[in-house]
Amino acid sequence: MSVLILGGNGAPASMDAASTVNSSVVASVAAQVPKTSAAAPLLVKIVQNLERDPTNEKFRSINLEGKAGAKLVSEPAAMTLLATVGFETQGSRLVASGAPPAGAAAAVARALAPPPLRSSPQLNADGTPKVVVKESNDGPLTLKQQARRDAEQKAAREKEESKRQRLETLEKIKKDNHVWACVEINQ
């Protein structure tokens, strides 16, 4: 398999990954990879590992016939991204020709990050995120949910009982101290 990087005019772009590609080019190529693709999290990890330790042979070679390789090969944009950061095809492997451009891992992670669940979290008065517990009645609880609910209720009951016992003990201690104080005064 051969990976060809095309320039803006559709002609092959000749570039040395270590010298002419910067993180903005990597980010624009990474943006072409669908965020829902099975290759997306794999690409982030590959580029992070290579940037963190470019001399480690384990991070410099990818078997295209393995599980990870199959995910990458199934997504043409993923193969283009790997070529952009310096991987070259050698038989059934992709081998890094050098270190990726500075900031490539962060650029790939930003480009392939899943979208946030909501635009802005609700905050408490002190600035901490507000915890919102939504209860839904979408149907009967599963056995696991029932067990979790029962365990939470039992823990809450035990906590209340412990609190009650502590308060009783404190009252007894106060009463005993009062009795001893009275005994000392009378003697």
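**Exercise 1. Work out in what order the elements of the protein run from the N terminus on.**

Solution. Start by counting: this predicted model has seven helices and three strands. Helices here are DSSP runs of H or I with at least four residues, strands are runs of E with at least two, and both are numbered from the N terminus. Reading from the N terminus, the order is α-α-α-β-α-α-β-β-α-α.

Two notes before you go on. Residues are numbered from 1 along each chain as its sequence is written, and side-chain values use heavy atoms, with hydrogens and water left out. Because the model is predicted, local features need pLDDT of at least 70 and side-chain atom pairs count only at pLDDT 80 or more, while totals for chains, interfaces and linings use all residues.

**Exercise 2. Describe how helix H1 and helix H5 pack.**

Solution. Two packed helices are described by the angle between their axes and the distance between the axes.

- Step 1: take the angle. H1 (residues 23-30) and H5 (residues 76-84) pack at about 170°. Axes are lines fitted to C-alpha atoms, for helices over the stretch in contact, and angles run from 0 to 180 degrees between N-to-C directions.
- Step 2: classify it. Angles under 35 degrees count as roughly parallel, over 145 as roughly antiparallel, 65 to 115 as roughly perpendicular and the rest as oblique, so H1 and H5 are roughly antiparallel to each other.
- Step 3: add the distance. The axes of H1 and H5 are 9 Å apart.
- Step 4: find the contacts, meaning heavy atoms within 4.5 Å. From H1, Val25, Val26, Val29 and Ala30 meet Thr80, Leu81 and Thr84 of H5.

**Exercise 3. Find the salt bridge partners of Arg60 and Arg164, and say whether each residue is buried or exposed.**

Solution. A salt bridge is a side-chain nitrogen of Lys or Arg within 4 Å of a carboxyl oxygen of Asp or Glu. The structure holds four of them. For accessibility, buried means under 20% relative accessible area, exposed over 50%, and partly exposed in between (1.4 Å probe, protein chains only).

- Step 1: Arg60 pairs with Glu57 at 3.9 Å, N to O. Both lie in helix H3 (residues 57-60), three residues apart, about one turn of the helix.
- Step 2: Arg60 counts as buried because its relative accessibility is 13%, whereas Glu57, at 57%, counts as exposed.
- Step 3: Arg164 pairs with Glu161, the closest N and O atoms being 2.3 Å apart. These two residues lie in helix H7, again three residues apart, about one turn of the helix.
- Step 4: Arg164, at 37%, is partly exposed, and so is Glu161, at 33%.
- Step 5: look further along. Glu161, Arg164 and Glu168 are linked in a network of salt bridges.

**Exercise 4. Which residues form a nonpolar patch on the surface?**

Solution. Patches are made of residues with over 30% relative accessible area and no salt bridge; like charges are joined within 9 Å, and nonpolar side chains (Val, Leu, Ile, Met, Phe, Trp, Tyr) within 5 Å.

- Step 1: the members are Leu167, Leu170 and Ile173.
- Step 2: together they have about 270 Å² of accessible area, computed by the Shrake-Rupley method with a 1.4 Å probe, where for residues only the protein chains shown count as cover.
- Step 3: check one of them. Ile173 lies in helix H7 (residues 143-186) and, at 41% relative accessibility, counts as partly exposed.
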